[in-house]
Amino acid sequence: MTTDDSHREQAAAGLEQLASLVRAQSWRPDGTPSLPPTQAAVLRMLAGTATPLRAREIAQRLGVTAASLSDSLKALESKAWIEREPDPDDRRAATVRLTRSGRATVRQLRHPSRGMGSLLQGLDEGDIGALLRVTQLMVRQAQRQGLATGARTCLGCRYFQPDSTGDARRPHFCGFVQQPFGDPELRADCDDQSPADETQIEANALRFRRPVPP
């Protein structure tokens with residue numbers, strides 16, 4: 001095993017430990033629910049859309065099978081966090097939307113001091129920025145391997161211009177809001193994301209990997 005392989009092995013072990021924490025959590029004393037990753041992702045996705053989504057759209061965005069998503073939707077429906085309605089454009093299909101209690105649950109999940117967010121409380125802005133930067137690259141790798149299809153990251157967005165401003169503190173530029181920004185402001189799930197084509201994503205990924213001048 002080479003030195004690089006041993007480093008990757010330890011990094012993978014750390015990720016597995018975090019994944020185990022997510023799977024093993026139960027309801028917390030503060031009332032924050034711990035959900036299987038797919039269920040939590042469905043709730044967050046529905047909260048970030050202005051209109052209900054078809055189950056097929058949700059499955060495609062999350063990169064999960066229809067059967068796996070069906071089980072997740074049934075579980076969320078049993079908790080009264082989502083509801084399904086006939087699709088007005090296709091009688092054979094149904095759309096999914098959050099209920100009022102579902103939106104309240106999403107607010108709990110998103111609270112920065114609760115759930116997995118509590119693990120980030122001891123990190124400074126530099127640490128958060130480094131984590132978000134690595135997250136962008138790992139999601140891209142997952143997409144290459146066919147593990148994710150609908151992730152709404154900065155790196156996959158046509159408005160994203162990485163390391164383009166010449167400002168080490170705010171090296172990136174968002175063409176949607178027309179503002180420069182730094183690594184701590186990278187989005188792992190952006191409601192305003194507009195998917196880029198593969199050529200742009202690859203070019204951005206190569207640029208994104210280059211060290212930013214101090």
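Which backbone oxygen does the side chain of glutamine 136 reach? The legends below take up this question first and then turn to two further views of this structure, which is a predicted model.

**View 1. Glutamine 136 and its surroundings in helix H6.** Glutamine 136 has its place in helix H6, which covers residues 125–144, and its side chain reaches the backbone oxygen of arginine 187 at 2.9 Å. With a relative accessible area of 1%, glutamine 136 is buried, because this value lies under the 20% that marks a buried residue. When its neighbours within four places in sequence are left aside, glutamine 136 is in contact with Thr153, Cys154 and Leu155, with Leu186, Arg187 and Ala188, and with Phe208.

**View 2. The crossing of helices H2 and H4.** The axes of helix H2 (residues 37–47) and helix H4 (residues 66–78) come within 9 Å and cross at roughly 70°, and the two helices are therefore roughly perpendicular to each other. Where they meet, H2 contributes Thr38, Gln39, Val42 and Leu43, while H4 contributes Leu69, Ser72, Leu73, Ala75 and Leu76. Of the residues in this contact, six are nonpolar and three are polar, and none is charged.

**View 3. The hairpin of strands E2 and E3.** Strand E2, made up of residues 82–87, pairs with strand E3, made up of residues 90–98, in the antiparallel sense over six bridges. One pair to look for in this view is arginine 84 with its bridge partner in E3, valine 96. Two residues lie between E2 and E3 in the hairpin that these strands form.

Technical notes. Residues numbered from 1 in each chain as written. Predicted model: local features only at pLDDT ≥ 70, side-chain atom pairs only at ≥ 80, totals over all residues. Heavy atoms only, no water. Helix = DSSP H or I, 4+ residues; strand = E, 2+ residues; numbered from the N terminus. Buried < 20%, exposed > 50% of the residue type's maximum accessible area, 1.4 Å probe, protein only. Polar contact = N/O pair within 3.5 Å; in protein donor to acceptor, adjacent residues only side chain to side chain. Contact = heavy atoms within 4.5 Å. Axes fitted to C-alpha atoms, helices over the stretch in contact; angles between N-to-C directions. Parallel < 35°, antiparallel > 145°, perpendicular 65-115°, else oblique. Nonpolar A, V, L, I, M, F, W, Y, C, P; charged D, E, K, R; others polar. Pairing = 2+ DSSP bridges.
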